[in-house]
Amino acid sequence: MKHLHKFIATALLAGMVPASYASTDTTPYLGLMGSYQFPDQARKLDNGFGATALFGFPVNDYFIPEISLFGIQANRNPGPGREQELGAGLDFNIQPFGRDHLLVPFLLVGGGAQRDEPAGGVHGAGYANAGGGFLINLNHAHTAAFRVEARRIGVFDNQIVAGRSHVLDTRISAGVQIAFNGHGDDLPPPPPAPVLPKDSDGDGVPDNLDRCPGTPHGVQVDASGCPLPPPPPPAQPRDSDGDGVIDSLDRCPDTPKGMRVDAHGCAIKAATVVLHDINFELNKARLTAGARQSLDTVAAGLKGQPTMKLSVAGYTDSTGTAAYNLKLSKERAASARAYLIERGIAASRLQAEGFGETHPVASNKTRAGRAMNRRVEFKVISE
């Protein structure tokens, strides 16, 4: 019994801590649960079945004394016959987060007395238990909940197992918990809702002031309930060459697409634009119609920035010999330069170079990669 006294004293001290919280609901409740018990191995019993009833009397939302009644029955193993346990006790249910939640965890600590029927006869014993569990509230009023709990139980009786002063059982229970009265029934009824003027079309203007009844939902109205005229669409600043600088601030219109520009819309030194659509006839340096159209855009950009000088660099894929590709890339770069000169760009502003299959930007092992490597690059060498 020495251990039992220490256990109950600890339980009382633990229960006093949350009792200082403000009470919001002291409605008592009833719990009914099925129980499954794992007995101490020294008992020589199979796992047992039974039931548990409990009555809770909340002090506040955090601390609840509970009276529990239980009965457990298990078969002896080995040997015939059954043993029964009947008991009653007082537990302290501690709910650290309160009860106003969907899921409510809790701790249990307490003790009591039970009547055992071991092989040696019927006699009584004291017990202490500790454990925990959780509630799942089944309605907003918190009057019904599903309850699951587990306890570790020390039964202090030296007659159950010879040579031992106590045994340790484990019990798991699940069932329902029902309050005797609705949560918050003592609250005053809410005040009556104010009577508002009727607004049939819901536009915020009462019917007696609404000159345009039946306004569609969501339409903004004036003080008379009539729809407001739609606002004019905002004017979008124009950026003709797509360089990120609007026309009103662009000092260099028609900059070739893809070139980096400064705050004034003029291409900066070392800016490079890569054109993959500067195509040539097969194994020749003769420009296709699509290539000439792309070069027309470059020519327009050069006219818009008359001091800019460009380097025209041609590249090929790795198909063919390196020497052939180098020669072909130089001829194609020269062809692109010659076309720009035809479009009115001074020859002194253009340099042509060929690099063959060097400096690939993609793998030459795939068709898509080879297409990426067949390109013409325009690099700004002077602004």
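**Disulfide, helix H3, strands and salt bridges in a predicted model**

User: How far apart are the sulfur atoms of Cys212 and Cys226, which form a disulfide?
Analyst: The model is predicted. A pair of cysteine sulfur atoms counts as a disulfide within 2.5 Å, and by this rule the count comes to one disulfide. The pair is Cys212 and Cys226, with their sulfur atoms apart by 1.9 Å.

User: How many residues apart in sequence are the parts that the pair Cys212 and Cys226 ties together?
Analyst: Cys212 lies in the loop between strand E8 (167–179) and strand E9 (272–275). Cys226 is also in the loop between E8 and E9, so the disulfide joins parts whose separation in sequence is 14 residues.

User: Is the disulfide of Cys212 and Cys226 right-handed or left-handed?
Analyst: The handedness follows from the torsion about the S-S bond, which is about 80 degrees here. The disulfide of Cys212 and Cys226 is therefore right-handed.

User: Does Cys226 count as buried or exposed?
Analyst: Buried means under 20% relative accessible area. Cys212, at 21%, is partly exposed. Cys226 has a relative accessibility of 18%, so Cys226 counts as buried.

User: What distance separates the end C-alpha atoms of helix H3 (residues 322–342)?
Analyst: Helix H3 has 21 residues, and at 1.5 Å a residue the expected span is 30 Å. The end C-alpha atoms agree with that expectation, being apart by 30 Å.

User: Within what arc do the buried residues of H3 fall, seen down its axis?
Analyst: The buried residues of H3 are Asn325, Leu328, Ser329, Arg332, Ala333, Ser335, Ala336, Tyr339 and Leu340. They line one face of the helix, because down the axis of H3 they fall within an arc of 155 degrees.

User: Which helix is included in what covers the buried residues of H3?
Analyst: The face of H3 turned away from its buried side carries the exposed residues Ala323 and Glu342. On the buried residues, the cover includes strand E10 (309–315), strand E11 (350–354) and strand E12 (375–382), together with helix H2 (289–304).

User: How close are the closest N and O atoms in the salt bridge of Glu331 with Lys327?
Analyst: Both Glu331 and Lys327 lie in helix H3, four residues apart, about one turn of the helix. An α-helix has 3.6 residues a turn, so residues three or four places apart point the same way. Glu331 is partly exposed, at 34% relative accessible area. In its salt bridge with Lys327, the closest N and O atoms are apart by 2.6 Å.

User: Which residue of E5 is the bridge partner of Gly87?
Analyst: Strand E4 (residues 82–94) and strand E5 (residues 103–116) are antiparallel, paired over ten bridges. In E5, the partner of Gly87 is Gln114.

User: Which residue in E6 stands opposite Val104?
Analyst: E5 also pairs with strand E6 (residues 123–137) in the antiparallel sense, over 14 bridges. Within E6, the residue opposite Val104 is Leu135.

User: How many residues apart in sequence are the parts tied together by Glu85 and Arg43?
Analyst: The side chains of Glu85 and Arg43 meet in a salt bridge (3.5 Å, N to O). Glu85 is buried at 6% relative accessible area, and Arg43 is buried at 8%. Glu85 lies in strand E4 and Arg43 in the loop between strand E1 (29–38) and strand E2 (48–56), so the sequence separation of these parts is 42 residues.

User: Which residues are linked with Arg147 and Glu149 in a network of salt bridges?
Analyst: Glu149 and Arg147 themselves form a salt bridge (2.8 Å, N to O). Glu149 counts as buried at 3% relative accessibility, as does Arg147 at 1%. The network links these two with Glu66, Asp91 and Arg151.

Definitions and conventions:
Residues numbered from 1 in each chain as written. Predicted model: local features only at pLDDT ≥ 70, side-chain atom pairs only at ≥ 80, totals over all residues. Heavy atoms only, no water. Pairing = 2+ DSSP bridges. Helix = DSSP H or I, 4+ residues; strand = E, 2+ residues; numbered from the N terminus. Expected span 1.5 Å × (residues − 1). Buried < 20%, exposed > 50% of the residue type's maximum accessible area, 1.4 Å probe, protein only. Arc of directions from axis to C-beta. Contact = heavy atoms within 4.5 Å. Salt bridge = Lys/Arg side-chain N within 4 Å of Asp/Glu carboxyl O.
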